Amino acid sequence: MAFKEADYIWMDGEFVAWKDAKIHILSHVVHYGTSVFEGIRAYKTPKGTAIFRLPEHTKRLFNSAKIYRMEIPFTKDELENAMKEAIRKNELESCYIRPLVYRGYDTLGVNPFPCPVKVSIAVWEWGKYLGPEALEKGVDVKVSTWNRMAPNTFPATAKAGANYMNSQLIKMEAITEGYTEGIALDINGWVSEGSGENIFVIIDGIIYTPPLGASVLAGITRDSVMIIAKEMGYDVRESLIPREFLYTADEVFFTGSAAEITPIASVDKIAVGTGKRGPITEKLQKKFFDIVEGGNDPHNWLHYV
């Protein structure tokens, strides 16, 4: 979906005008996908603008960079302060935040080491990722013909730009066939995740989600939902999920910083449950938004700008 441009983007310690935030065409990242990034939301709350689980997102960014041997030339505190300052400078009450660490311009060739590690932070107003009605009505999805990457090929727990070439194949296939989103299986045929979302399946009141070993990203919203659901008394299990459970489940939903908690109405044109948001999904949504928008935060997940 389209988004509204902000005024400034933070690049390597300085703010530049949105339209002037440029890199060289021969930057390593353009040719080889050498980037890691985060997707974070800041919410308007009664106490002011707050970033959701900022330290956890920053830690994952640094871990992703570590896996790819990219030494970030800023500290965690510096980047967290820069994210807050970017929100203030662009005068946003709620927004999406995109910190990006990438290999810049020096030389070409697969070897990334000669190319400098650069950092940018963009913020912008962004509505509901899968559509404004999706949180209530749910979305229609299909099981993709594309699998998630096999273990020991691309590290799934690193949020790397290159991984999202796989995501694009999943997403484009779904869109061209009339669906909103796709669900990928892992290399062994177990349910993995959406193109940019984790997935949960509810059967007989038990909430299942694929384990990290099923080539899924260790989602921050995924973790939050697991914590919330357990506190609400639900049995939450990380378990390998066969494809057919998507068809016979009572409820299925996506989670993610962009998608938040989005119910799935159908899979491969088979209705999930009643074909709309189920009662457990609705309760989890209500609790989640009570925290991030209502400011009722017992976990100290909100970090005020």
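This is a short walk through a predicted model, strand by strand and helix by helix.

Okay, let's start with β4, residues 40-45. Is this strand enclosed or not? Five of its six residues are buried, so β4 is largely enclosed by the rest of the structure. Now look at its partners. With β6, β4 pairs in the antiparallel sense, over three bridges. If you want a spot to check on screen, find Ile-40, which stands opposite Ile-97 in β6. Then there's β5, residues 48-52, also antiparallel to β4 and joined to it by four bridges. Here the pair to look for is Tyr-43 and, opposite it in β5, Ala-50. The link from β4 to β5 is a hairpin of two residues.

Stay on β5 for a second, as Phe-52 sits in that strand. Phe-52 is buried, and the reason for calling it that is its relative accessible area of 4%, with the cut-off for buried being under 20%. Phe-52 also has a partner from far along the sequence: Asn-300 is 248 residues away along the chain, yet the two C-alpha atoms are separated by 9.3 Å.

Step along by one and you reach Arg-53, in the loop between β5 and α2, the helix at 54-67. What is the phi of Arg-53? It's positive, about 50°, and this is not a glycine. As background, most residues other than glycine have a negative phi. Arg-53 is buried too, at 7% relative accessible area.

Compare that with Asn-152, in the loop between β8 (139-143) and α5 (163-176). Asn-152 isn't a glycine either, and its phi is positive as well, near 70°. Buried or exposed, though? Asn-152 is exposed, with a relative accessible area of 82%. So that's a positive phi on a buried Arg-53 and another on an exposed Asn-152.

While we're on turns, let's go to β9 and β10. Strand β9 covers residues 181-185 and strand β10 covers 191-194, and they pair antiparallel over three bridges. Ile-183 stands opposite Gly-194 in β10. The two strands make a hairpin with five residues between them, and in that turn Gly-189 has a positive phi of about 90°.

Next up, helix α8, residues 279-292. Its length works out nicely: 14 residues at 1.5 Å a residue should span 20 Å, and the end C-alpha atoms are 20 Å apart, which agrees. So where do its buried residues point? Looking down the axis of α8, they fall within an arc of 155°, so they line one face of the helix. By name, the buried ones are Ile-280, Thr-281, Leu-284, Gln-285, Phe-288, Phe-289, Ile-291 and Val-292. Spin α8 around and on the other side you get Pro-279 and Lys-286, both exposed.

Last thing, the surface. Which residues form the nonpolar patch there? It's Ile-23, Ile-25, Leu-26, Val-30, Tyr-32, Tyr-105, Leu-108 and Val-110, and together they have about 750 Å² of accessible area. Take Tyr-105 from that patch: it lies in the loop between β6 (95-103) and β7 (117-124), and at 45% relative accessibility it counts as partly exposed. That brings us back round to β6, the strand that pairs with β4, where we came in.

That's my tour. Over to you.

Terms used:
Residues are numbered from 1 along each chain as its sequence is written. This is a predicted model: local features need pLDDT of at least 70, side-chain atom pairs count only at pLDDT 80 or more; totals for chains, interfaces and linings use all residues. Side-chain values use heavy atoms; hydrogens and water are left out. Patches are made of residues with over 30% relative accessible area and no salt bridge: like charges are joined within 9 Å, nonpolar side chains (Val, Leu, Ile, Met, Phe, Trp, Tyr) within 5 Å. Accessible areas come from the Shrake-Rupley method with a 1.4 Å probe; for residues, only the protein chains shown count as cover. A salt bridge is a side-chain nitrogen of Lys or Arg within 4 Å of a carboxyl oxygen of Asp or Glu. Buried means under 20% relative accessible area, exposed over 50%, partly exposed in between (1.4 Å probe, protein chains only). Two strands pair if DSSP finds at least two bridges between them. The expected span of a helix is 1.5 Å times one less than its number of residues. The arc is that of the directions from the helix axis to the C-beta atoms.
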